[in-house]
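Here is a chain to look at, followed by some questions on the terms used to describe it. Each answer sets a value against a definition.

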Amino acid sequence: MLEGWRASGSPALPILAARLRYLLVVVGLGFLVLLGRLWQLQIIRGDRYREQTVSNVVERSHIASLRGKILDRKGRPLAENRPAFNIYVQTKAFTPELAQALETTLGLSAHEMELMSERIERARGRKQFRQYQRVLEDQGRDRATLVDESLRYRFAGIEVRTEPQRHYPSGALAAHVLGYMSQMSAGELQRLEADGYEADETIGRFGLELEWEAYLRGKKGLELFAEDAHHNRLDDMTAARFIGGPMRVEPIAGHNLVSTIDIDLQRVAEAAVAKHEVAAVVVVEVATGKLLAVVSKPAFDPNVMSGRLSAADSALLMSNPHAPFLDKALRATYPPGSVFKFVTGIAALEEGRTRADEHINCPGSYTLGRTSFRCTHVHGKVDMQEAIAQSCNVYFYNLAERMGLDPIVGVAHRFGFGMPTGLGLNGDGGGRVPTRTWYKNRGGYSAGKATNASIGQGDVEVTVLQVAMAYAALANGGTLYVPQIVDRVESVAGQVVMQYQPRIARVVKVAPSVLSLMTRGMVDVVARDEGTAFAAVRSNVVAIAGKTGTAQVVRLSADRGRSLPAGWHRSKEHAWFAGWAPAGAPEIAIAVLIEHGGTGGTVAGPVVKSVIEQYFKEVKRGP
């Protein structure tokens, strides 16, 4: 056509042809630019842009794993799981309007509103704007229904998830042994985030829940899903095109712990101290060191601690003068009083400072220098066996003056006093058996220190667990076990993952004749009229051996005029009893402490008798 125009001789044709060529060049360059850009977007940066697109659409949600159960020695549940309705909100979707709607619809308390805001702010602080955060847990079916029916269609980014909630079917029973669950603090999250923990997760507190967290927790699962710009979930088929892989990874359940605790004996022991304000009981299997019952009173309900603990409940627990979160059986330390006298007796015999048949006169008091040490009453002439049975202080004061402090310390350490037992639960208190060096660093040592220590007074402090383990060692001929509270770890299917065997801390080398003498003295404590526990502990069911203890405490003038619970006063003695049964063929050892309860024979003794008799009459026989 251009040739035709040129042939026509029109002067406008060359100009038109030039413009047309120019236009073609421009259009061609434009196509090249577009092709180049398309190459850049699709080929060079395609993967990157696809990832960004997918990340803006695809959301990740962790699926809680089923926490392993804690079972008693016969497989009965002490801690298990139940379904709970938890409310989750996507962090960036948590607006003041949504918060107001939640408060109005669910009737949330000020504490719940504050807790919910704290959780969202914590997630925002960690720049987790797109993640769903658990803001309210265990809301019950009615509240969950309200959220589903009233809020999910008005607000995007809110949903109800049904997840396992820790449940303790026996309430406060064995609470200190079991522990409880609660949400992590910011510091814990920072420390544990690398292990897969998230801000809205709970973690084991106290007891087995804390110490066996790694076994109980399991492994979380993962769900991938897609949302549109309004946070509405896309259907699975659409989501699958974005995700391009597995949309769900199933969680792995945690292992079960089979403890050594016998729930029937635990109930018996807790009932036996029910009337006392503050008490501790430890029952141990003599031949293995396995703990059958561990009571620390007062306790707490782990269901309350693991659920929606109100500010009022929290304040009430924290202000309790009896310190319910202090484990009285495993961690708290007390002067042992006369349950410690066997240590002094063994030390004196081994040192050759007395003989079993030597009689020492007790006039009712003992004078050392300018200090007069009292006895309970005038015992007259007593030998070692009688001194144990009648708990004569003067007898042991004499032994202490003859040998000094060091031999007492040596025997005490051999029986495990003054150091943690190795249980590793709730602090596992070490107690204190003061040495000469300890005193020299605190103002100086004097002979009176040994006198006090000889009857378990002064600066000697022990845990109830230590006393139970030491008496088990006395009963079995000198084998001091590391206390054991977990028998085995099992998979959900019941396969044994790990089996634990009894561990011996040491074999206390004591001459059989000396151990036999101590045993005879402790049998007499219960079996003879003169014994300090004859009236309270003698049993027609089973022969019991043991030792009473009445540990004096520092008189507190500050207590005068204070209104304190009946039966508990900080100026009142601690009541002890430690022993075993059957006396001649020991199966279980027991230590009982009634804090500020009074005299050992009349207050702690009946508890021991009740626990031991019911063990042999009912618990041991089983259903």
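Q: What makes helix H12 roughly antiparallel to helix H24?
A: This is a predicted model. In it, the axes of H12 (residues 263-272) and H24 (residues 600-619) come within 9 Å and cross at roughly 155°. Angles over 145 degrees count as roughly antiparallel, so H12 is roughly antiparallel to H24. The crossing of the two helices is right-handed.

Q: Which residues make the contact between H12 and H24?
A: From H12 come Asp 264, Leu 265, Val 268, Ala 269 and Ala 272. From H24 come Val 607, Ser 610, Val 611, Gln 614, Tyr 615 and Val 619. They divide into eight nonpolar, two polar and one charged. Asp counts as charged, and Asp 264 is in the list for H12, so the charged residue is Asp 264.

Q: Why is Phe 206 called buried or exposed?
A: Buried means under 20% relative accessible area. Phe 206 has 18%, so Phe 206 is called buried. Phe 206 lies in the loop between strand E7 (202-205) and helix H9 (207-211). Its phi is near 65°, a positive value in a residue other than glycine.

Q: How do you know whether Asp 428 is buried or exposed?
A: The relative accessible area of Asp 428 is 6%. The cut-off for buried is under 20%, so Asp 428 is buried. Asp 428 sits in the loop between helix H18 (406-414) and helix H19 (436-440). Asp 428 too is a residue other than glycine with a positive phi, near 40°.

Q: Where are Pro 298 and Pro 582, and what is the peptide bond before each?
A: The bond from Lys 297 to Pro 298 is cis, with omega near 5°. Pro 298 is in the loop between strand E12 (291-297) and helix H13 (302-306). A cis bond also joins Ala 581 and Pro 582, with omega about -15°. Pro 582 is in the loop between strand E22 (574-581) and strand E23 (588-594).

Q: How does the radius of gyration of the chain compare with that of a compact globule?
A: A compact globule of 623 residues would have a radius near 25 Å, but the chain has 36 Å. The C-alpha atoms fill a box of roughly 155 × 50 × 45 Å along the principal axes.

Q: What share of the 623 residues is buried?
A: Buried residues make up 52% of the chain.

Methods. Residues are numbered from 1 along each chain as its sequence is written. This is a predicted model: local features need pLDDT of at least 70, side-chain atom pairs count only at pLDDT 80 or more; totals for chains, interfaces and linings use all residues. Side-chain values use heavy atoms; hydrogens and water are left out. Axes are lines fitted to C-alpha atoms, for helices over the stretch in contact, and angles run from 0 to 180 degrees between N-to-C directions. Helices (H or I, at least four residues) and strands (E, at least two) are DSSP runs, numbered from the N terminus. Angles under 35 degrees count as roughly parallel, over 145 as roughly antiparallel, 65 to 115 as roughly perpendicular and the rest as oblique. A crossing is left-handed if the near helix is turned anticlockwise from the far one by less than a right angle, and right-handed if clockwise. Contact means heavy atoms within 4.5 Å. The radius of gyration is taken over C-alpha atoms; the globule rule is 2.2 Å times the number of residues to the power 0.38. Buried means under 20% relative accessible area, exposed over 50%, partly exposed in between (1.4 Å probe, protein chains only).
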